[in-house]
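Me: I should like to examine the reasoning behind the terms applied to this model. Please set each value against its definition.

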Amino acid sequence: MLNIILCGAPGSGKGTQSGFITEKYGLQHLSTGDVLRAEIASGSELGKKIDALISQGNLVPDEMMYGVIENYLSSLPKDSKGVILDGYPRTVSQAESLTELLKKYQMDAIMIDLLVDEQLLIQRLIERGKVSGRADDNLNTIRHRIAVYHNQTEPIALYYLHHGNYCPVNGNHAVEDVFLQIERILDSHIK
Ligand code: AP5
């Protein structure tokens, strides 16, 4: 099984690269952002609470996210080739919980960290905001999301560095070039 924890700031290309990885390696893709947006779209009471957090660019509480990941991992088919966790973990506490969960399901994972300059992140998200309809793709919220990323998510890089499965990728390049770097990491891991 090839399991990937795909991390990076908002706009770093997690969703884009997940598409390429899924297509080439046949992995299953879980985007926690997509799961949360589906809950919002359902119109549930929970969705309303989530909407209030996401539209301001804040993270959803760790306990809620733990349930999403546990359900997902526990329902993976036995013949799965592996998974991409896109957007989880986003806090050190989530990273610690994930380590325990992966142990429980006898899985391991590599962490790919997409590193992109801040100006580029903002440009990409402003551009996407013209068509995405996402409530969090506006300049003020984008800036807040990036600040939340620096404060709460960036420290997980050190966590995975200590665990020996940290793989940084320069995400400033064209999508195909970023994918080439990811392919090199995944192919060497498979061998
Ligand atoms: P989520 O949906 O995961 O949003 P995000 O992390 O802000 O990431 P984005 O989807 O904006 O960007 P991306 O990195 O996927 O880049 P993409 O490929 O789309 O999460 C939304 C919210 O949900 C969070 O803010 C939080 O509130 C909540 N949440 C989710 N997970 C959570 C968790 N674990 N804990 C707590 N809360 C959680 O690309 C962006 C744009 O750039 C696209 O237009 C794309 O075409 C373009 N692009 C991509 N790569 C390149 C490239 N190399 N060159 C040029 N353009 C590029």
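Reply: A residue is counted as near a molecule if one of its heavy atoms lies within 4 Å of that molecule. The model is predicted, and in it 29 residues surround the ligand, the closest being T16, N58, R90, R128 and R145.

Me: What makes up the shell around the ligand, by class and by element?

Reply: The shell divides into 11 nonpolar, 11 polar and 7 charged residues. Helix 1 (14-25), helix 2 (32-41) and helix 6 (118-132) are the elements that give two or more residues to it. Helix 2 provides the largest share, 4 residues.

Me: Why is the approach of N58 to the ligand called a polar contact?

Reply: A polar contact is a pair of N or O atoms within 3.5 Å. A backbone N or O atom of N58 lies 2.6 Å from an oxygen atom of the ligand, so this pair meets the definition. The pair formed by a polar backbone atom of G15 and an oxygen atom of the ligand, at 2.9 Å, is judged by that cut-off and therefore qualifies. For G87, a backbone N or O atom lies 2.9 Å from a nitrogen atom of the ligand, and this pair therefore qualifies as well.

Me: How much of the ligand does the protein bury?

Reply: Taken alone, the ligand exposes 1,000 Å², and the protein buries 86% of that.

Me: What makes the ligand an occupant of a pocket, and which pocket is it?

Reply: A molecule sits in a pocket if more than half of its atoms lie within 2 Å of the grid points of that pocket. The space taken by the ligand is the largest pocket, which holds about 800 Å³ of space.

Me: How is the lining of the largest pocket composed?

Reply: The pocket is lined by 41 residues, of which P10, K14, R90, R134 and R145 lie nearest its centre. By class, the lining has 13 nonpolar, 18 polar and 10 charged residues. Helix 2 gives the most, with 5 residues. Among the elements that supply at least two residues are strand 2 (28-31) and helix 9 (175-190).

Me: Why are other spaces called cavities?

Reply: The term cavity applies because a 1.4 Å probe fits at the points but cannot get out. A search of the whole structure finds 2 cavities of 30 Å³ or more. The largest cavity has a volume of about 50 Å³, and the second largest has about 30 Å³.

Me: What lines the largest cavity?

Reply: Its lining consists of C7, G8, M111, D113, Y149, T153, E154, I156 and A157. Strand 1 (4-8), strand 4 (110-115), helix 7 (139-153) and helix 8 (156-163) each supply at least two of the lining residues. The classes are 5 nonpolar, 2 polar and 2 charged.

Me: Which residues line the second largest cavity?

Reply: They are L6, C7, G8, K14, G87, Y88, P89, R90 and T153. Strand 1 gives the most, with 3 residues, and the lining divides into 4 nonpolar, 3 polar and 2 charged residues.

Me: What is the geometry of the peptide bond from Y88 to P89?

Reply: That bond is cis, with omega near 5°. P89 is placed in the loop between strand 3 (83-86) and helix 5 (92-104).

Me: What is notable about phi of Q106?

Reply: Phi of Q106 is near 50°, a positive value in a residue other than glycine. Q106 is found in the loop between helix 5 and strand 4.

Note on methods
Residues are numbered from 1 along each chain as its sequence is written. This is a predicted model: local features need pLDDT of at least 70, side-chain atom pairs count only at pLDDT 80 or more; totals for chains, interfaces and linings use all residues. Side-chain values use heavy atoms; hydrogens and water are left out. On a 1 Å grid over the protein atoms alone, a cavity is a set of points where a 1.4 Å probe fits but cannot get out, and a pocket is an open set with protein on both sides within 12 Å along at least five of seven lines; lining residues have an atom within 4 Å of a point. Grid points are joined across faces, edges and corners, and a volume is the space filled by probe spheres set on the points. Ala, Val, Leu, Ile, Met, Phe, Trp, Tyr, Cys and Pro count as nonpolar, Asp, Glu, Lys and Arg as charged, and the others, Gly among them, as polar. A polar contact is a pair of N or O atoms within 3.5 Å; within protein, one must be able to donate a hydrogen and the other to accept it, and residues adjacent in sequence count only if both atoms are side-chain atoms. Accessible areas come from the Shrake-Rupley method with a 1.4 Å probe; for residues, only the protein chains shown count as cover.
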